[in-house]
Amino acid sequence: MPTETLRIPTADGHADAFAAFPDQGQRHPAVLMYPDGFGIRPALRALARRLAGHGYYVLVPNIFYRHGPSPVIELPEHIGEEARPQVFARLMPLIEAHTAERALRDAGSYLEFLTGRPEARPGPVAVTGYCIGGLLAVRTAAAHPGQVAAVAAFHAPVGADGPRLLSGLTAQVHFGHAEGDMTPEALGELDQALDAAGVGYTSEIYPGTVHGFTMSDTDAFSPSGLRRHWDRLLPLLDRALADR
């Protein structure tokens, strides 16, 4: 499967990115995949390659490019509980510096670059993300309603910006929440906001999962949670992007 490392022009410089796609010489529906806070690394590349294997051009940007190319911070091969305090001590200033204003400026650059790739099919795209990347995916979808046909977010603080952000969605939606992140009451409030937005959506708590359940290089990883993630994500993309 072809993969490549790219540089995306932005208002603040250039963001390095990883791309995967099924084959050369054809154009494929495009997916912008936001990583979790740990960034582009083997686990994220594996997710992108697997999604690309289902017929998509997948672009994964380094959201913290202002602080350097990937890997922005040094990561252990396995991000276990012992390593997390040191990793987060270096990671949190980057997350805090990545304001909503910066994220929205970047989102437009990422989408413009993605839709200009010769391997990407013209027309609507999908956006997906993990953890903070899920919030960025929702912000991107709300800011570009005419371009984003589907948005998915996993173990992500999708309600962090309040109902107003969700009211801007027009894309088809799937939110997969970690059991440790979302109470049934909070899920009900989130679903009410999605109902008010009038979008087609599924929003569910994945049983037996904790925050980060899709990430195979962490202690949070849940094989069953990852399978459910694929079971929800692939049909969503097929419905939203097929024949467009």
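Is the crossing of helix 3 and helix 4 left-handed or right-handed?

## Crossing of helix 3 and helix 4

In this predicted model, the crossing of helix 3 and helix 4 is right-handed. The axes of helix 3, residues 100–115, and helix 4, residues 132–143, come within 10 Å and cross at roughly 70 degrees. Because angles of 65 to 115 degrees count as roughly perpendicular, helix 3 is roughly perpendicular to helix 4.

On the side of helix 3, the residues that meet helix 4 are Ala100, Ala103, Leu104, Ala107 and Leu111, and their counterparts in helix 4 are Leu136, Arg139, Thr140 and Ala143. Sorted by class, this contact of helix 3 with helix 4 comprises seven nonpolar residues, one polar residue and one charged residue.

## The second largest cavity

The model holds two cavities of 30 Å³ or more, and the second largest cavity, with a volume of about 40 Å³, is lined in part by residues that also take part in the helix contact. Ala103, Leu104 and Ala107 of helix 3, together with Leu136, Arg139 and Thr140 of helix 4, belong to that contact and are likewise among the residues that line the second largest cavity. The lining is completed by Tyr34, Ile63, His98 and Tyr110.

Helix 3 and helix 4 are the elements that give two or more residues to this lining, and the largest share, four residues, comes from helix 3. By class, the lining of the second largest cavity has seven nonpolar residues, two polar residues and one charged residue.

## The largest cavity

About 90 Å³ of space lies in the largest cavity, which is lined by 13 residues, with Gly37, Phe38, Gly39, Val72 and Ile73 closest to its centre. Nine of the lining residues of the largest cavity are nonpolar and four are polar, while none is charged.

## The largest pocket

The largest pocket contains about 200 Å³ of space and has a lining of 15 residues, of which Gly37, Phe38, Phe88, Cys131 and His211 lie nearest its centre. Gly37 and Phe38 thus appear in two settings, being among the residues nearest the centre of the largest pocket and also among those closest to the centre of the largest cavity.

Helix 2, residues 84–97, supplies the largest share of the pocket lining, with four residues. In terms of class, the lining of the largest pocket is made up of eight nonpolar, five polar and two charged residues, whereas the lining of the largest cavity has no charged residues.

Key
Residues are numbered from 1 along each chain as its sequence is written. This is a predicted model: local features need pLDDT of at least 70, side-chain atom pairs count only at pLDDT 80 or more; totals for chains, interfaces and linings use all residues. Side-chain values use heavy atoms; hydrogens and water are left out. On a 1 Å grid over the protein atoms alone, a cavity is a set of points where a 1.4 Å probe fits but cannot get out, and a pocket is an open set with protein on both sides within 12 Å along at least five of seven lines; lining residues have an atom within 4 Å of a point. Grid points are joined across faces, edges and corners, and a volume is the space filled by probe spheres set on the points. Ala, Val, Leu, Ile, Met, Phe, Trp, Tyr, Cys and Pro count as nonpolar, Asp, Glu, Lys and Arg as charged, and the others, Gly among them, as polar. Axes are lines fitted to C-alpha atoms, for helices over the stretch in contact, and angles run from 0 to 180 degrees between N-to-C directions. Angles under 35 degrees count as roughly parallel, over 145 as roughly antiparallel, 65 to 115 as roughly perpendicular and the rest as oblique. A crossing is left-handed if the near helix is turned anticlockwise from the far one by less than a right angle, and right-handed if clockwise. Contact means heavy atoms within 4.5 Å.
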